[in-house]
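Biologist: Please show me the model, and then let us go through the sheet, the helices and the surface.

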Amino acid sequence: MPTDTAVVRYLNPPALEKPPGYSHVVDVRGNRLIFIAGQAGVDASGTVVGGDIMEGQAEQAFRNLSTALESVGCTAANLVKLTVFVRDMGKLADYRRVRDRFFNSVSPPVAPAVTLVEVSRLYSERLLIEIEGVAAV
């Protein structure tokens with residue numbers, strides 16, 4: 001299997017609204033796509049981390065996403081798409097602070113395409129956030 005790195009272009013066409021911290025279009029030319037199932041604010045034992053605080057649960061969800069990426073030799077730099085499910089859109093600023101730290105953890109910082117959806121419930125009533133991702137290599 002080829003080990004070349006994907007060529008990724010992050011685009012924001014001027015005719016579209018300027019996005020806060022993500023890209024409208026991600027053009028990927030690569031050899032491999034990695035799909036990562038939804039990661040929530042739980043540790044390896046399934047215990048909710050962060051209690052009922054969005055920022056704490058988001059930190060754990062992004063740690064889990066990092067672990068999943070590392071398991072296939074990737075980092076945040078390889079992400080091209082995230083889908084984020086939150087229980088309360090009123091906590092958007094808390095999520096964005098964690099997301100921005102995560103995206104800025106690599107150089108240059110990444111800005112994958114992101115879809116953010118408020119949902120009434122996740123697989124556990126205690127969960128506030130779940131993040132799934134697509135990476136390219």
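What follows is a short exchange on strands, helices and one patch.

Modeller: This is a predicted model, in which local features need pLDDT of at least 70 and side-chain atom pairs count only at pLDDT 80 or more, while totals for chains, interfaces and linings use all residues. Residues are numbered from 1 along each chain as its sequence is written, and side-chain values use heavy atoms, with hydrogens and water left out.

Biologist: Which strands stand at the edges of the open sheet?

Modeller: Strands are DSSP runs of E with at least two residues, numbered from the N terminus, and two of them pair if DSSP finds at least two bridges between them. The open sheet has four strands in the order β3-β6-β4-β5, with mixed pairing. One side of each edge strand is left without a neighbour in the sheet, because each has a single partner strand: these are β3 and β5 (113-118).

Biologist: In which sense do β4 and β6 pair?

Modeller: Strand β4 covers residues 79-86 and strand β6 residues 129-136. In β6, E130 is the bridge partner of F85. Over seven bridges, the sense of the pairing is antiparallel.

Biologist: Is F35 buried or exposed?

Modeller: F35 lies in strand β3, residues 33-40. Buried means under 20% relative accessible area, exposed over 50%, and partly exposed in between, with a 1.4 Å probe and protein chains only. With a relative accessible area of 63%, F35 is exposed.
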